[in-house]
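Trainee: Could we go through this model together, setting each label against its definition? I'd like to see where the words come from.

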Amino acid sequence: MTDGRWIIPLSIVTAMALMILPMPDALQHLRPDWVALACVYWIIALPQRYGVVMAWICGLFLDVLQGTLLGQHAVALAFTGFMAHKLHLQLRNFPVVQQSLAVAALIFIYHFLLLWLDGIVGTPTSTNVLWGPPLSSMLFWPIVFGVLRDLRRRARLS
Amino acid sequence: MGPTRDSDAKPLFQQTASPGLRVVILLIVSVTMMTLDHRFHHLDSLRRAMSVLVHPLRVLVDLPVRASRALSESLTERSQLLQDNSELRAQHLTDSQAIQRMAAIEAENARLRALLQSSAPVADRALVASILSVDLDPFRHRVVLTRGTREGVFSGQPIIDDHGVLGQVDHPGYLSADALLITDPDHAIPVVVNRNGLRTIAVGTGEIDRLELPFLTNRADVREGDLLVTSGLGGVFPAGYPVAVITRVARDPGRQFASVSARPTAALDHVREVLLLFPDTGSDDQVEEQLATEGDDGD
């Protein structure tokens with residue numbers, strides 16, 4: 001049970017690499033929030049061990065990685081993680097399609113918080129870009145869910 | 001149900017803070033951090049330490065791009081290389097001819113400035129850095145450079161490429177540095193119109209090929225095609241580096257200010273190798289010395 005733990009940091013580091021992977025400009029605003037998806041998965045799967053603190057730490061690293069205000073992604077991801085933690089019993093029992101919709105809602109709130117904080121700091125951003133990431137995250141959730149569940153079962157984490 | 005029962009068996013987890021309390025604590029911590037970071041820059045050391053941890057990941061992501069470039073370079077045909085070589089030789093010849101004249105003009109300029117008792121511009125030291133191909137926050141225009149405080153990079157250091165000013169260093173880390181491009185909406189650069197010496201400020205728009213000059217009045221003497229160079233005011237960018245070319249001047253008589261756009265001369269979106277400038281800090285002392293000696297002469 002303890003020896004398979006390394007897949008969790010590995011999955012999150014992979015998600016962070018996907019966050020900074022160069023993409024064409026046209027797809028810039030459609031990048032799924034890989035780190036948020038991975039955090040949500042681990043919080044749903046192992047709510048006793050992983051919760052808001054893990055999400056917050058991941059967010060802090062994301063801030064450094066993306067050069068944003070220190071604490072911006074952290075607070076948004078901690079809040080998203082908190083909601084995923086609250087809803088983990090429902091989310092687990094949803095079929096995958098319904099799960100995707102719930103995840104889209106979580107990611108939407110995550111981006112709303114990020115944009116809101118941008119607005120407070122005074123960085124001008126357009127609200128049109130608010131819709132891309134939740135949509136693409138929704139489409140990619142079944143894949144993330146499938147891959148991570150498979151890894152978790154192989155590592156016998158429960 | 002397995003995990004739920006599992007947690008019931010471990011009272012330790014029940015006694016720790018509830019997720020609700022934790023999220024409130026983290027919220028307060030985050031808001032404090034953001035305030036400290038935004039207003040006072042007190043967290044630069046934390047960011048620097050974490051950027052060392054994050055650096056390997058950035059290099060790893062950059063690796064495939066770098067490898068494919070190296071591969072395409074090594075597979076370039078011999079004839080192509082020979083052609084490039086001859087073109088570069090010709091370019092070098094014309095450049096060095098311009099530099100020869102430049103040396104004479106610089107000496108003349110220094111003499112004239114000495115007569116006017118104004119400070120003489122001094123040559124800047126430069127360090128070559130390359131840009132890692134990683135994507136940062138899509139709303140900002142930022143890049144990651146492969147040089148850090150280890151090589152003496154500092155916050156606010158100007159960055160140029162072979163065509164003009166690119167931006168400035170924002171968060172220097174130990175091994176890498178985050179830089180802000182001149183087109184970032186948060187960035188403004190003091191410039192002067194090269195044709196007539198009109199001073200103004202060029203502000204980033206968030207579009208990679210456009211700067212705005214919002215502080216020019218309707219009667220200001222600017223035209224399409226005018227070159228903007230750094231004015232040296234503000235103390236960040238040294239004077240005389242090209243910044244942008246004016247592309248559009250729209251004068252609306254109903255408004256006090258003209259709407260002026262400019263296109264950066266530097267290749268902001270596809271440059272790989274850049275120069276980090278170390279403006280010579282000794283210049284002020286030199287000026288003071290010069291003035292002091294001239295004062296002595298006057299007495």
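Trainee: Why is Ser11(A) called buried?

Mentor: A residue is buried if 20 or more other C-beta atoms lie within 10 Å of its own, exposed if 12 or fewer, and partly exposed in between, with C-beta atoms placed from the backbone. Ser11(A) has 22 other C-beta atoms within 10 Å, so it is buried. Keep in mind that this is a predicted model: local features need pLDDT of at least 70, side-chain atom pairs count only at pLDDT 80 or more, and totals for chains, interfaces and linings use all residues. As for names, residues are numbered from 1 along each chain as its sequence is written, while chains are lettered from A and ligands numbered from 1 in the order in which they are written.

Trainee: Where is Ser11(A) found, and what is it in contact with?

Mentor: Ser11(A) is found in helix 1 (residues 7-20) of chain A; helices (H or I, at least four residues) and strands (E, at least two) are DSSP runs, numbered from the N terminus. Two residues are in contact if their C-beta atoms, placed from the backbone, lie within 7 Å. Leaving aside neighbours within four places in sequence, Ser11(A) meets that cut-off with Ala38(A), Leu148(A) and Leu151(A). Ser11(A) and Val35(A) are 24 residues apart in sequence, with 8.8 Å from C-alpha to C-alpha.

Trainee: What makes Thr123(A) partly exposed?

Mentor: Thr123(A) has 18 other C-beta atoms within 10 Å, which puts it in the class between buried and exposed, so it is partly exposed. Thr123(A) sits in the loop between helix 6 (96-121) and helix 7 (132-154) of chain A. Not counting neighbours within four places, Thr123(A) is in contact with Asp118(A), Phe139(B), Pro185(B) and Asp186(B).

Trainee: What makes a set of residues a nonpolar core, and which residues have the most contacts inside the largest one?

Mentor: A nonpolar core is a set of buried Ala, Val, Leu, Ile, Met, Phe, Trp, Tyr and Cys residues joined through C-beta atoms within 7 Å. The largest has 89 residues, and those with the most contacts inside it are Val35(A), Ala38(A), Cys39(A), Val40(A), Leu77(A) and Ala78(A). Helix 2 (residues 34-45) of chain A gives the most to this core, with twelve residues. Take Leu77(A): among the residues it touches more than four places away in sequence are Ala36(A), Trp56(A) and Tyr110(A).

Trainee: How many residues of chain B are in contact with chain A?

Mentor: There are 39 residues of chain B in contact with 36 residues of chain A. Helix 1 (2-8), helix 3 (19-40) and helix 4 (44-74) of chain B each supply at least two residues of that side of chain B. The side divides into 21 nonpolar, eight polar and ten charged residues. Here Ala, Val, Leu, Ile, Met, Phe, Trp, Tyr, Cys and Pro count as nonpolar, Asp, Glu, Lys and Arg as charged, and the others, Gly among them, as polar.

Trainee: How do you know where helix 4 of chain B bends?

Mentor: The bend at a residue is the angle between axes fitted to the seven residues ending there and the seven starting there. At Leu53(B) that angle is about 40 degrees, and a proline, Pro56(B), follows within four residues. The buried residues of helix 4 of chain B include Arg47(B), Val54(B) and Asp62(B).

Trainee: And the strands: what makes strand 6 and strand 7 of chain B a pair?

Mentor: Two strands pair if DSSP finds at least two bridges between them. Strand 6 (residues 188-193) and strand 7 (residues 199-204) of chain B are joined by five bridges in the antiparallel sense. Ala188(B) has Val203(B) as its bridge partner in strand 7 of chain B. Their hairpin has five residues between the strands, and Gly197(B) in it takes a positive phi near 75 degrees.

Trainee: How many bridges join strand 7 of chain B to strand 8 of chain B?

Mentor: Two bridges join these antiparallel strands, and Val203(B) stands opposite Glu212(B) in strand 8 of chain B. In that hairpin, with six residues between the strands, Gly206(B) takes a positive phi near 95 degrees. Strand 8 (residues 211-212) of chain B also pairs with strand 11 (residues 259-264) of chain B over two bridges, in the antiparallel sense. In chain B, a closed barrel of six strands runs 6-7-8-11-10-9, with antiparallel pairing.
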